[in-house]
Amino acid sequence: MKKTPAIIIGTVVVVIALVAIVAASSGKKNTTDTAMSGNTDSSSTSASTSNAVAADKVTIANYMFGPADIKVKVGTTVTWTNTDSVKHNIVSDDNMMPDGKLIGKGEAYTYTFTKSGTYKYHCSPHPYMHGSVVVE
Ligand SMILES: [Cu+2]
């Protein structure tokens, strides 16, 4: 009868010790994770622009711009070609470039970027279609 509480106390002590060890090791992990995420945070700031693919041609297909995010050098003429049977256009989110006319299947729209910056655009009949051009 008296041995049972001793076993329980012993088990509890072991469990507490294990929890403490796990907590300590996960604490160490958290520290390194925080340090690592700190590093990735600083690189992901530049990664947000490096998500953009170096390209000067965008294909519109299935209500999507592909690649949606591109990067070009100043002076580059970007060509958007529509492969959908539905008409699309390229309209700046913030008036950084003139609104593109609607283009039908097989038609293309071009724009030459003469100033650096990030040009976000969408398709006016389908505002959920988004793309961006980073001009460097
Ligand atoms: Cu569209």
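## Strands, core and loops of a predicted model

Five strands, in the order β1-β4-β9-β8-β6, form an open sheet with mixed pairing. At its edges stand β1 (53-54) and β6 (91-92), each with a single partner strand, so one side of each is left without a neighbour in the sheet. Inside this sheet, β8 (residues 117-122) pairs with β9 (residues 130-135) in the antiparallel sense, over 6 bridges. If you would like a residue pair to look for there, His122 stands opposite His130 in β9.

Please keep in mind that this is a predicted model. The average pLDDT of the protein is 78, and 63% of the residues score at least 70. Over residues 7-49 the pLDDT is below 50, and this stretch has 1 contact in the model beyond near neighbours in sequence. Where pLDDT is low, the predicted coordinates should not be read in detail.

### Strand β5 and its partners

Let us turn to β5 (residues 77-82). Strand β2 (residues 57-61) runs parallel to β5, and 4 bridges join the two. With strand β7 (residues 108-112), β5 pairs in the antiparallel sense over 5 bridges. Thr79 is a handy landmark for both pairings: Lys57 stands opposite Thr79, and in β7 the bridge partner of Thr79 is Thr110.

Which side chains of β5 are buried, and which are not? Val78, Trp80 and Asn82 point to one face and are buried, whereas Thr77, Thr79 and Thr81 point to the other face and are not. In a regular strand the side chains alternate between the two faces of the sheet.

### The nonpolar core

Two of those buried residues, Val78 and Trp80, reappear in the largest nonpolar core, which has 15 residues. Together with Val58, Val72, Phe113 and Val133, they touch the most other members. Elements giving two or more residues to this core are β2, β4 (69-72), β5, β8 and β9.

What does Phe113 contact, leaving aside its neighbours within four places in sequence? Its contacts are Val72, Val74, Thr76, Val78, Tyr119, Val133 and Val135.

### Loops worth a look

Three loop residues can be set side by side by their C-beta neighbours.

| Residue | Loop | Other C-beta atoms within 10 Å | Class |
|---|---|---|---|
| Asn62 | between β2 and β3 | 10 | exposed |
| Tyr63 | between β2 and β3 | 13 | partly exposed |
| Ala52 | between α1 (3-50) and β1 | 19 | partly exposed |

The backbone of the loop between β2 and β3 also deserves a glance. Phi of Asn62 is near 50°, a positive value in a residue other than glycine. Tyr63 has a positive phi too, of about 60°, although it is not a glycine. Why does Asn62 count as exposed? Because 10 other C-beta atoms lie within 10 Å of its own, and a residue is exposed if 12 or fewer do.

Further along, a cis peptide bond joins Gly66 and Pro67, with omega about -10°. Pro67 sits in the loop between β3 (64-66) and β4.

Ala52, finally, links distant parts of the sequence. Its C-alpha is 7.3 Å from that of Val134, although Ala52 and Val134 are 82 residues apart in sequence. Leaving aside neighbours within four places in sequence, Ala52 is in contact with Asp69, Ile70, Lys71, Ser132 and Val134.

Conventions: Residues numbered from 1 in each chain as written. Predicted model: local features only at pLDDT ≥ 70, side-chain atom pairs only at ≥ 80, totals over all residues. Pairing = 2+ DSSP bridges. pLDDT = per-residue confidence, 0-100. Contact = placed C-beta atoms within 7 Å. Buried ≥ 20, exposed ≤ 12 C-beta atoms within 10 Å, placed from the backbone. Core = buried A, V, L, I, M, F, W, Y, C linked by C-beta atoms within 7 Å.
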